[in-house]
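This report describes how one helix pair packs and how the surrounding nonpolar core is built. The structure is shown first.

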Amino acid sequence: MQRRSFLLASAAAMTLLSGPAAASKPRSKVVDEAGGDSPTASDGESIHAAQTHPITAATRLLFVSGQIPVDAQGEAPRNFSAQCALAWANIETQLRAADMDLRHLAKLTVFLARARDRKREHEIRHRLLTGRADPAVSVVVTGIYDEAWRIEIEAIALA
């Protein structure tokens, strides 16, 4: 990154973090350049191609590194739904430690080890967040550090 770009980005970040706490309600927009219905994945799930989260200012910004489906004893459940619930419980634990909750989520990145888990992950996430938060979400199907883990979730929260 060139020095000027770095300085401009730094100034913008400082301005964002120094103002009064006021994050606008997230706005969703489905992008469909063909002018028809929303684009869909092969399983029929609607694809939200763009989602914006305008922010006027925030006093606290929390970056939650990848939360994995592991309990306090270091064990991961075998079934995906239990792994997903545990990863979400770990996200909520991190948010509570920062005096935040699910409604403060602005951005999620969900890593899945198997594409076939995408629909179930969406159902669980939707059940947890509906009426609480509408963060921008990216779902990436990729290899995960430990082969026993089928999900990992990163988050950015604003308060």
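## Helix packing and the nonpolar core

In this predicted model, helix 2 and helix 3 cross in a right-handed sense. The two helices pack at an angle of about 40 degrees, and their axes lie 10 Å apart. Helix 2 is therefore oblique to helix 3, since the angle falls in none of the parallel, antiparallel or perpendicular ranges.

On the helix 2 side, the contact is formed by F80, S81, C84 and W88, which meet R120, E121, I124, R125, L128 and L129 of helix 3. By class, the residues of this contact comprise six nonpolar, one polar and three charged.

Helix 3 also contains E123. With a relative accessibility of 35%, E123 counts as partly exposed, because it lies between the 20% and 50% limits. The C-alpha atoms of E123 and S81 are 9.9 Å apart, although 42 residues separate the two along the chain.

The largest nonpolar core has 23 residues, and W88, L95, L105, L129, I151 and I153 touch the most other members. The elements that give two or more residues to this core are tabulated below.

| Element | Residue range |
|---|---|
| Strand 5 | residues 61-67 |
| Helix 2 | residues 80-97 |
| Strand 6 | residues 105-112 |
| Helix 3 | residues 118-129 |
| Strand 8 | residues 151-158 |

Helix 2 gives the most to the core, with six residues. Leaving aside residues up to four places away in sequence, L95 touches L62, M100, D101, L102, L105 and A157. In soluble globular proteins, nonpolar side chains tend to be buried together.

Note on methods: Residues numbered from 1 in each chain as written. Predicted model: local features only at pLDDT ≥ 70, side-chain atom pairs only at ≥ 80, totals over all residues. Heavy atoms only, no water. Core = buried A, V, L, I, M, F, W, Y, C linked by side-chain atoms within 4.5 Å. Buried < 20%, exposed > 50% of the residue type's maximum accessible area, 1.4 Å probe, protein only. Helix = DSSP H or I, 4+ residues; strand = E, 2+ residues; numbered from the N terminus. Contact = heavy atoms within 4.5 Å. Axes fitted to C-alpha atoms, helices over the stretch in contact; angles between N-to-C directions. Parallel < 35°, antiparallel > 145°, perpendicular 65-115°, else oblique. Left-handed = near helix turned anticlockwise from the far one by under 90°. Nonpolar A, V, L, I, M, F, W, Y, C, P; charged D, E, K, R; others polar.
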